[in-house]
Amino acid sequence: MSAPQPVAGLLNRPLSEVLGALASQHDLAGGGGPAAALVAAAAAALTAKVARGSRATWIEAGGAIAHAESLRMQAQALIERDADAYRDASSFLLRSERSARRGVAAPAAVTPPPASADRERLVGDALTHAADLALAIADMSSEITLLAAEVARSCPSWLRPDALTAVALAEAATSAAARLVEVNRQLGDDDPRRAASCDAAAAALQARERAL
């Protein structure tokens with residue numbers, strides 16, 4: 001297995017390359033988080049678009065536009081943060097596994113691999129960080145779902161299909177990110193992040209059901 005190579009940030013690459021990175025076994029170490037954040041960013045952008053088209057008939061459209069654009073910026077930042085976190089964790093794990101297989105001392109000029117206890121701690125830290133990022137994506141995506149549902153209720157009828165698409169996309173992103181928290185093996189059964197991710201997913205689901 002090859003170590004993930006340094007790559008340009010996902011947001012600085014053509015969409016076809018981003019999709020290729022998500023499909024690659026080596027380009028992007030963990031794809032679930034960035035994919036969820038990417039879908040959430042698309043939902044926020046679509047929400048802003050519908051709100052802009054509603055300004056003539058909806059007095060609060062301006063606030064919705066600003067809110068949607070703010071959430072889109074948050075989603076875009078989380079795309080990169082999540083991709084970087086998984087890439088760093090994957091590189092660390094691969095170096096540790098190779099060092100353990102070799103069973104030889106590192107050259108003097110090379111930093112020796114961490115001891116087993118240190119490796120476990122660092123792996124635990126990486127998994128905890130991944131859970132924090134997944135929860136941040138779930139919370140942000142849930143907020144986009146609620147906003148998109150509000151926009152869907154207030155926009156002209158001809159824009160409602162796009163608004164409902166944004167609702168569905170954001171709810172799906174919330175559910176996906178919450179699932180990443182749920183399966184994180186570093187978190188105990190009573191870890192508050194589990195409950196928080198479930199709450200975010202439940203709120204998004206309720207918003208989608210009300211909007212539809």
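In the predicted model, Thr145 is located in helix H4, which spans residues 116-154. Because its relative accessible area is 0%, Thr145 is classed as buried. Beyond residues up to four places away in sequence, Thr145 is in contact with Val167, Ala170, Glu171, Thr174, Ala204, Ala207 and Arg208. One of these contacts is polar in character: the side chain of Thr145 lies 3.2 Å from the backbone nitrogen of Glu171.

Helix H4 also contains Glu143. With a relative accessible area of 35%, Glu143 is partly exposed, whereas Thr145 is buried. Residues up to four places away in sequence aside, Glu143 touches His67 and Leu71. The side chains of Glu143 and His67 are joined by a polar contact of 2.7 Å. The C-alpha atom of Glu143 is separated by 8.5 Å from that of Ala170, a residue 27 positions away along the chain.

The packing of helix H5 (residues 160-182) was examined against two further helices, beginning with helix H2 (residues 32-52). The axes of H2 and H5 come within 8 Å and cross at roughly 155 degrees. This angle is over 145 degrees, and H2 and H5 are therefore roughly antiparallel to each other. Their crossing is left-handed. On the H2 side, the contact is made by Gly32, Gly33, Ala36, Val39, Ala40, Ala43, Leu46, Thr47 and Val50. H5 contributes Asp162, Ala163, Thr165, Ala166, Leu169, Ala170, Ala173, Ala176, Ala177 and Leu180. Classified by residue type, the contact of H2 with H5 comprises 14 nonpolar, four polar and one charged residues.

The second partner of H5 is helix H6, formed by residues 192-211. The axes of H5 and H6 come within 9 Å and cross at roughly 160 degrees, so the two helices are likewise roughly antiparallel to each other. The crossing of H5 and H6 is left-handed. From H5, the residues involved are Arg160, Leu164, Val167, Ala168, Glu171, Thr174, Ala178, Val181 and Glu182. These meet Arg193, Arg194, Ser197, Ala200, Ala201, Ala204, Leu205, Arg208 and Ala211 of H6. The contact of H5 with H6 divides into ten nonpolar, two polar and six charged residues.

Several residues of the H5 and H6 contact, including Val167, Glu171, Thr174, Ala204 and Arg208, are also among those touched by Thr145. Ala170, likewise touched by Thr145, belongs to the contact of H5 with H2.

Definitions and conventions: Residues numbered from 1 in each chain as written. Predicted model: local features only at pLDDT ≥ 70, side-chain atom pairs only at ≥ 80, totals over all residues. Heavy atoms only, no water. Helix = DSSP H or I, 4+ residues; strand = E, 2+ residues; numbered from the N terminus. Buried < 20%, exposed > 50% of the residue type's maximum accessible area, 1.4 Å probe, protein only. Polar contact = N/O pair within 3.5 Å; in protein donor to acceptor, adjacent residues only side chain to side chain. Contact = heavy atoms within 4.5 Å. Axes fitted to C-alpha atoms, helices over the stretch in contact; angles between N-to-C directions. Parallel < 35°, antiparallel > 145°, perpendicular 65-115°, else oblique. Left-handed = near helix turned anticlockwise from the far one by under 90°. Nonpolar A, V, L, I, M, F, W, Y, C, P; charged D, E, K, R; others polar.
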